[in-house]
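Let's take a stroll through a protein model together. Have the sequence and the 3D view open, and follow along as we go.

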Amino acid sequence: MSDDFEEFHKSLLDLVESFEKKNVLVKMHSDPDSNIIRIYGERSGGLALAKTGLEEVEELALTTAEHHPYWGLLYNGSQIIKIVLEKWNDTLTEDEKNQIKWYAEEIKNSSGNVSSHRHDE
């Protein structure tokens with residue numbers, strides 16, 4: 001972890017602690033190796049967190065070149081998850097089920113492009 005980020009992280013931990021002393025609960029998750037810190041309000045539920053995380057997955061899928069062998073797996077998988085999360089507390093329509101089936105077929109098709117060597121794209 002860089003010194004600047006480490007200092008920022010420590011300051012942020014102090015700030016979170018100061019709010020906890022005021023009975024304001026904050027959820028914080030940090031991944032020092034990736035220089036990533038996530039902060040959530042105490043009422044953030046699993047569904048909201050999953051949707052937020054999916055936005056990051058979708059961003060990667062949309063910025064990864066389509067010729068990358070994992071692109072189809074990532075993109076089509078994220079689209080299935082997006083439909084499921086949007087309808088988590090509801091019933092999937094026939095159209096949505098058909099979309100999921102189509103994306104699943106695309107995943108099958110894409111799996112043939114997956115190779116065992118490393119990709120740095």
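What span should the 16 residues of α3 have at 1.5 Å a residue? The expected value is 22 Å, and the end C-alpha atoms of α3 are 22 Å apart, which agrees. The expected span here is 1.5 Å times one less than the number of residues. Helices (H or I, at least four residues) and strands (E, at least two) are DSSP runs, numbered from the N terminus.

Before going further, some ground rules. This is a predicted model, where local features need pLDDT of at least 70 and side-chain atom pairs count only at pLDDT 80 or more, while totals for chains, interfaces and linings use all residues. Residues are numbered from 1 along each chain as its sequence is written, and side-chain values use heavy atoms, with hydrogens and water left out.

**Two helices that meet**

Back to α3 (71-86). Its buried residues include Trp71, Ile80, Ile83 and Leu85. Buried means under 20% relative accessible area, exposed means over 50%, and partly exposed is in between (1.4 Å probe, protein chains only). Among the things covering the buried residues of α3 are α2 (46-63) and α4; contact means heavy atoms within 4.5 Å.

Now look at α4 (residues 94-111): its 18 residues should span 26 Å, and its end C-alpha atoms are indeed 26 Å apart. Glu96, Ile100, Tyr103 and Ser110 are buried in this helix. Looking down the axis of α4, the buried residues fall within an arc of 80°, so they line one face of the helix. That arc is taken from the directions from the helix axis to the C-beta atoms. On the other side of α4 you'll find Glu94, Asp95, Lys101 and Lys108, which are exposed.

**Salt bridges**

How many salt bridges does the structure hold? There are eight, where a salt bridge is a side-chain nitrogen of Lys or Arg within 4 Å of a carboxyl oxygen of Asp or Glu. Here are some of them:

| Pair | N to O distance |
|---|---|
| Glutamate 58 and lysine 82 | 3.5 Å |
| Lysine 87 and aspartate 90 | 4.0 Å |
| Lysine 108 and glutamate 105 | 3.3 Å |

Glutamate 58 and lysine 82 meet in a salt bridge. Glutamate 58 lies in helix α2 and lysine 82 in helix α3, so the pair ties together parts that are 24 residues apart in sequence. Glutamate 58 is buried at 15% relative accessible area, whereas lysine 82 is partly exposed at 35%.

Lysine 87 sits in the loop between α3 and α4. With a relative accessible area of 16%, lysine 87 is buried, while its partner aspartate 90 is exposed at 54%. Lys87, Asp90 and Glu96 are linked in a network of salt bridges.

Lysine 108 and glutamate 105 both lie in α4, three residues apart, about one turn of the helix.

**Two asparagines to spot**

Most residues other than glycine have a negative phi. Asparagine 23, though, has a positive phi of about 65°, and asparagine 35 has a positive phi of about 55°. Asparagine 23 is in the loop between α1 and β1 (26-31), and it is exposed at 67% relative accessibility. Asparagine 35 is in the loop between β1 and β2 (36-41), and it is partly exposed at 35%.
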